[in-house]
Amino acid sequence: MTNQWADRKAPSLEEFDALARDALSRLPAPFRALCGDVVLHVADFADNDTLADLSIDDPFELTGLFEGIDVTSRSIDDIPGGPNHVHLYRQPILAEWIDHGDVTLGALVQHVLVHEIGHHFGLSDDDMDRIEDR
């Protein structure tokens, strides 16, 4: 089993982006359709302004971020502000993957992606925790 890892390396940013896009493409079609205009971004870490806005000192504490107006808060009177964005952060996700040790990287990426898309639908962190606990 050790030899399986002898030639492996952590996924590059491009490989991680492909993994995230694959996870998005594997979501059920009706769910993906409801995501509408959500734009997926992958970076190593959140930028310093984002971390400061969220009062986060350690960039490893943020694995993903939803940015925009959730569908439950939109109004037909709103001036269009562009699409919503989901950000996944490679380094923190890799660190969490190492810490857990009992989940595949693909499953963790999908989990973080679905969590952030949940915010697009207006779900809070507590809402999603309750759903996952069921």
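These legends walk through a set of close-up views of one predicted model.

**View 1. The whole chain, a mix of helices and strands.**
Start with the overall layout: the secondary structure of this predicted chain comes to six helices and three strands. Going along the sequence, the elements run α-α-β-α-β-β-α-α-α. The chain has 134 residues, and 28% of them count as buried.

**View 2. Arg21 and Asp17, a salt bridge within helix α1.**
Here we're looking at helix α1, residues 13-25, which holds both Arg21 and Asp17. The two sit four residues apart, or about one turn of the helix. Their side chains form a salt bridge, with the closest N and O atoms 2.8 Å apart. Arg21 has a relative accessible area of 38%, so it counts as partly exposed. Asp17 is partly exposed too, at 21%, which is just past the 20% under which a residue would be called buried. In general, side chains of opposite charge can pair when their charged atoms come close.

**View 3. Arg26, with a salt bridge to Asp22 and a distant residue in view.**
Move along to the loop between α1 and α2 (29-35), and you'll find Arg26. Arg26 makes a salt bridge with Asp22, and the closest N and O atoms are 2.8 Å apart. Both partners are partly exposed: Arg26 has 45% relative accessibility, and Asp22 has 35%. Also worth a look in this view is Gln110, which is 84 residues away from Arg26 along the chain, although their C-alpha atoms are separated by 9.2 Å.

**View 4. Arg90 and Asp44, a salt bridge across the sequence.**
In this pair, the side chains of Arg90 and Asp44 meet at 2.6 Å, N to O. Arg90 belongs to helix α4 (residues 90-100), while Asp44 is in the loop between β1 (39-43) and α3, so the salt bridge ties together parts that are 46 residues apart in sequence. Arg90 is buried, with a relative accessible area of 11%. Asp44, at 27%, counts as partly exposed. Put this pair with those of the two views before, and you have the three salt bridges counted in the model.

**View 5. A negative patch on the surface.**
Four acidic residues make up this negative surface patch: Asp47, Asp49, Asp53 and Glu67. Asp53 is part of helix α3, which covers residues 48-53. With a relative accessible area of 68%, Asp53 counts as exposed.

**View 6. Ser55 and its positive phi.**
Ser55 is in the loop between α3 and β2 (64-67). Its backbone is the thing to look at: phi of Ser55 is near 55°, a positive value in a residue other than glycine. Ser55 has 64% relative accessibility, so it counts as exposed.

**View 7. Helix α5, end to end.**
Helix α5 takes in 16 residues, 105-120. At 1.5 Å a residue, the helix should span 22 Å, and its end C-alpha atoms are 23 Å apart, so the two values agree. Plenty of its residues are buried, including Leu105, Leu108, Val109, Val112, Leu113 and Ile117. The buried set also takes in His115, His119 and His120, along with Gly118.

**View 8. Glu116, a buried acidic residue in α5.**
Zoom in on Glu116, again in helix α5. Glu116 has a relative accessible area of 5%, so it counts as buried. Look across to Leu88 as well: Glu116 and Leu88 are 28 residues apart in sequence, and their C-alpha atoms are 8.6 Å apart in space.

**View 9. Just after α5, Gly122 and Leu123.**
Past the end of α5, Gly122 takes a positive phi of about 90°. Leu123 is in the loop between α5 and α6 (125-133). The relative accessible area of Leu123 is 30%, so this residue counts as partly exposed. The other residue to pick out here is Asp70: it is 53 residues from Leu123 in sequence, while the C-alpha atoms of the two are 8.6 Å apart.

Note on methods. Residues are numbered from 1 along each chain as its sequence is written. This is a predicted model: local features need pLDDT of at least 70, side-chain atom pairs count only at pLDDT 80 or more; totals for chains, interfaces and linings use all residues. Side-chain values use heavy atoms; hydrogens and water are left out. The expected span of a helix is 1.5 Å times one less than its number of residues. Buried means under 20% relative accessible area, exposed over 50%, partly exposed in between (1.4 Å probe, protein chains only). Patches are made of residues with over 30% relative accessible area and no salt bridge: like charges are joined within 9 Å, nonpolar side chains (Val, Leu, Ile, Met, Phe, Trp, Tyr) within 5 Å. Accessible areas come from the Shrake-Rupley method with a 1.4 Å probe; for residues, only the protein chains shown count as cover. Lys and Arg count as positive and Asp and Glu as negative; His and the chain ends are not counted. The place of a charge is taken as NZ of Lys, CZ of Arg, CG of Asp or CD of Glu.
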